Amino acid sequence: MKKIVFNLAILLLFTIPAFTQGVIEHAAPGFDSLRAGIAHGRIDTISYNSATVGNPRKALIYTPPGFSKKSKYPVLYLLHGIGGDEKEWLKGGTPQVVLDNLYAEGKIEPMIVVMPNGRAMKDDRATGNIMAPDKVQAFATFEKDLLNDLIPYIQKKYPVYTDREHRAIAGLSMGGGQSLNFGLGNLDKFAWIGGFSSAPNTKTPEQLVPHPVEARQKIKLLWISCGASDGLVSFSKRTHDYLQKNNVPHIYYIEPGVHDFKVWKNGLYMFSQLIFKPVDTATFSKYPVVGAPAATNVRNAKYPQILADHRVIFRIKAPEAQKVQVDLVRKYDLVKDTGGLWTVTTDSIGEGFHYYSLLIDGVAVADPASETFYGMGRRASGIEIPFAGGSYYALRDVPHGDIRIRKYFSKVTGSWRQLYIYTPPGYDANTNEKYPVLYILHGGGEDETGWATQGKTDLILDNLIASKKAEPMLVVMPDANVGGAAFDESVLKTFESELKEIIIPLVEKNYRAETDAGHRALAGLSMGGIHTLYTGIKNTEMFSWLGVFSSGWIQARQADIAAAQYDFMKTNAAMINSNLKALWISMGGKEDIAYRNCQLMLTKLDELNIKHTYSEYPGGHTWPVWRNNLFNFAQLLFK
């Protein structure tokens with residue numbers, strides 16, 4: 001009989017899957033309610049000496065039901081947000097109740113949970129200006145305090161395992177950023193890492209996981225969660241995008257909610273059930289990701305929502321409409337429910353900015369839930385699909401310049417007009433300093449607002465100047481629409497006059513601008529690139545730097561204009577090459593609608609021995625390409 005039992009045990013050992021844990025479900029109502037009749041853990045306050053800070057520091061510690069000094073336990077270090085302290089989880093998240101209930105249901109491994117004060121400074125209270133630089137720095141300093149002071153104290157005073165496989169770190173908001181920073185930065189210390197609504201202190205993905213192969217080998221579980229309507233969701237999203245791209249297994253869980261304990265408690269509920277036990281990475285992709293409202297939505301608008309795979313959910317209420325479509329890359333038919341709500345989920349949409357319109361019974365209208373932009377020759381809605389490579393135009397804690405609007409009367413067009421102008425950080429304070437000027441032109445169907453809004457010129461320049469990759473400069477964004485057919489030579493000539501006779505004198509009279517060619521650049525996208533070619537090549541005594549983005553003479557419509565310019569180049573090649581410090585031409589890859597025209601032009605430039613630099617950035621004829629063009633071109637200028 002004993003032999004039969006033994007053989008049965010062996011059979012079960014080899015037939016039970018190595019990973020038996022499925023997808024953890026979102027917490028059900030009552031998961032955080034105090035229950036009678038179950039065993040309860042204990043919350044205590046501890047004090048440990050911190051050599052890092054130079055004085056004793058406090059933390060809370062949760063020991064599980066049935067805690068015994070004769071047993072050994074894994075440890076979870078649970079971190080708070082920027083406005084909290086070691087008691088924030090206790091007050092807002094009641095972790096002891098959540099964990100007690102899970103123990104009673106047999107869903108989690110016995111563990112010790114340490115809730116420290118993540119503000120490592122002598123006065124670590126959450127008082128005064130919690131955003132003061134020294135207090136923010138203290139959250140980074142806590143890494144040293146955690147590793148060198150707190151963990152050794154816990155290991156000395158409590159019966160805990162001391163290896164990385166039995167140590168986890170997780171936190172909310174600022175603590176979520178700390179958890180990702182410290183956990184991923186110390187894979188020899190932590191195998192289980194969780195970030196709940198991680199804040200802007202989260203390092204960039206490239207800094208967090210510089211060695212994806214090592215991360216894949218060492219991480220037991222990497223958990224990233226956030227509320228879909230949390231303004232900080234982009235920090236979780238950029239980390240997820242990088243991890244996904246580099247095949248680092250992780251759980252990315254986006255749930256309905258904002259930046260509050262409803263989301264964070266559920267994060268603890270789900271994360272705690274996964275740690276310190278076998279985890280099946282094959283289940284990771286099965287965790288749901290609800291849509292996050294697009295960054296381009298108007299305030300409080302929940303739709304459009306962007307899913308993790310860049311599909312977009314559109315929803316609009318139009319009970320009397322007979323047919324509703326959204327025109328975004330292609331047309332999608334919305335489906336109406338009994339309450340008059342129309343909904344559709346699109347295919348995956350390319351990263352970056354896209355114009356779109358609603359078509360209601362055939363009439364194109366702007367989506368009332370979205371910001372509008374002048375494009376497509378009219379006001380249209382726009383949607384920003386999160387872009388993993390868009391950190392260079394992210395809003396950062398750096399000195400910021402201003403975008404100003406200047407109205408003026410043009411004698412060339414006989415009308416009142418306006419331009420936008422970016423003034424760099426310190427412009428108003430440095431009153432004795434003069435600045436070089438980049439004149440940058442929009443594309444067809446757009447106007448002077450294009451580079452200021454869709455193009456994110458100010459953020460790109462702010463970040464470049466702060467990192468000393470670009471010279472402080474003025475950036476002038478005029479309206480190149482002067483009436484007439486956009487690509488006719490008469491219109492090109494009119495704008496040349498507008499720029500030379502009106503705009504440049506206006507800028508140099510009213511702003512502290514350098515006035516020589518060496519400190520003057522001209523660039524443009526698409527139609528603006530054609531203006532740059534037409535005006536810039538003939539006036540190299542005025543502009544030493546030319547940038548042509550997604551453009552080239554339109555064949556065969558502009559064949560005569562191109563031929564005349566090539567004749568000019570042939571005659572004046574030596575002068576052009578001498579005067580220009582850069583003729584920088586870029587294209588959005590073969591999918592760019594201007595690609596063929598540009599290639600024909602490049603061939604001609606080579607024949608004429610006109611010096612130029614060519615660059616490609618994939619993305620087609622779109623704003624992500626042109627933002628990147630500005631990012632790269634600006635770094636060349638005025639050096």
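Is N628 buried or exposed, and what is its relative accessible area? In this predicted model, N628 is buried, with a relative accessible area of 9%. That value counts as buried because the cut-off for the term is under 20% relative accessible area. N628 belongs to helix α16, and, once residues up to four places away in sequence are set aside, it touches Y392 and Y617.

With that residue as a starting point, the overall architecture can be considered. The protein comprises 16 helices and 27 strands, and its C-alpha atoms fill a box of roughly 100 × 65 × 50 Å along the principal axes. Of the 639 residues, 54% are buried. Among contacts with a separation of 6 or more, 73% link residues 24 or more positions apart. The domain assignment divides the protein into domain 1 (46-124 + 138-286), domain 2 (291-385) and domain 3 (405-557 + 580-605 + 616-635).

The helix that carries N628, α16 (623-634), also helps to cover another helix, α11. Helix α11 spans residues 457-466 and is mostly covered, with eight of its ten residues buried. The buried positions are T457, L459, I460, L461, D462, N463, L464 and I465. Besides α16, the elements that cover them include β21 (415-423), α10 (449-452) and β23 (474-477). After α11 comes K468, whose phi is positive, near 60°.

Strand β21, one of the elements covering α11, is itself paired with β20. Nine bridges join β20 (residues 402-410) to β21, and the two strands run antiparallel. Within this pair, I403 stands opposite Y422 of β21. The strands form a hairpin with four residues between them, and G414 in the turn has a positive phi of about 70°.

Attention now turns to the nonpolar interior. In soluble globular proteins, nonpolar side chains tend to be buried together. Here the largest nonpolar core has 52 residues, and Y439, I503, W553 and L583 have the most contacts inside it. Helix α12 (residues 489-510) gives the most to this core, with nine residues. Leaving aside neighbours within four places in sequence, I503 is in contact with Y408, L419, Y439, V476, P478, F495 and E498. A second, separate core has 43 residues, including V53, L147, L187 and A215.

The strands provide a further part of the picture. Five of them form an open, antiparallel sheet in the order β9-β10-β11-β15-β14. At its edges stand β9 (292-293) and β14 (335-336), each with a single partner strand, so one side of each is left without a neighbour in the sheet. Inside this order, six bridges join β11 (residues 311-317) to β15 (residues 341-348), which run antiparallel. F314 stands opposite V344 of β15.

Strand β16 offers another case worth following in the model. Eight of the nine residues of β16 (residues 352-360) are buried, so this strand is largely enclosed by the rest of the structure. Four bridges join β12 (residues 324-328) to β16 in an antiparallel arrangement, with V324 opposite I360. Strand β19 (residues 378-385) is also antiparallel to β16 and is joined to it by five bridges; there, the bridge partner of F353 is E384. Three bridges join β16 to β17 (residues 363-365), again antiparallel. I360 stands opposite V363 in β17, just as I360 stands opposite V324 in β12. The hairpin of β16 and β17 has two residues between the strands, and D361 takes a positive phi near 50°.

Finally, the relation between domain 1 and domain 2 can be described. Their C-alpha centres lie 37 Å apart, and six residues of domain 1 are in contact with five residues of domain 2. The size of an interface is often given as the accessible area lost when the parts come together. Between these two domains the buried area is about 370 Å², with carbon and sulfur atoms giving 59% of that area. On the domain 1 side, A228, S229 and K237 lose the most area to domain 2, together 65% of what that side buries. The count of salt bridges between domain 1 and domain 2 is zero.

Technical notes: Residues are numbered from 1 along each chain as its sequence is written. This is a predicted model: local features need pLDDT of at least 70, side-chain atom pairs count only at pLDDT 80 or more; totals for chains, interfaces and linings use all residues. Side-chain values use heavy atoms; hydrogens and water are left out. Buried means under 20% relative accessible area, exposed over 50%, partly exposed in between (1.4 Å probe, protein chains only). Contact means heavy atoms within 4.5 Å. Two strands pair if DSSP finds at least two bridges between them. A nonpolar core is a set of buried Ala, Val, Leu, Ile, Met, Phe, Trp, Tyr and Cys residues joined through side-chain atoms within 4.5 Å. Domain bounds come from an automatic or database domain assignment. Buried area is the accessible area (1.4 Å probe) that two parts lose on being put together, summed over both. A salt bridge is a side-chain nitrogen of Lys or Arg within 4 Å of a carboxyl oxygen of Asp or Glu.
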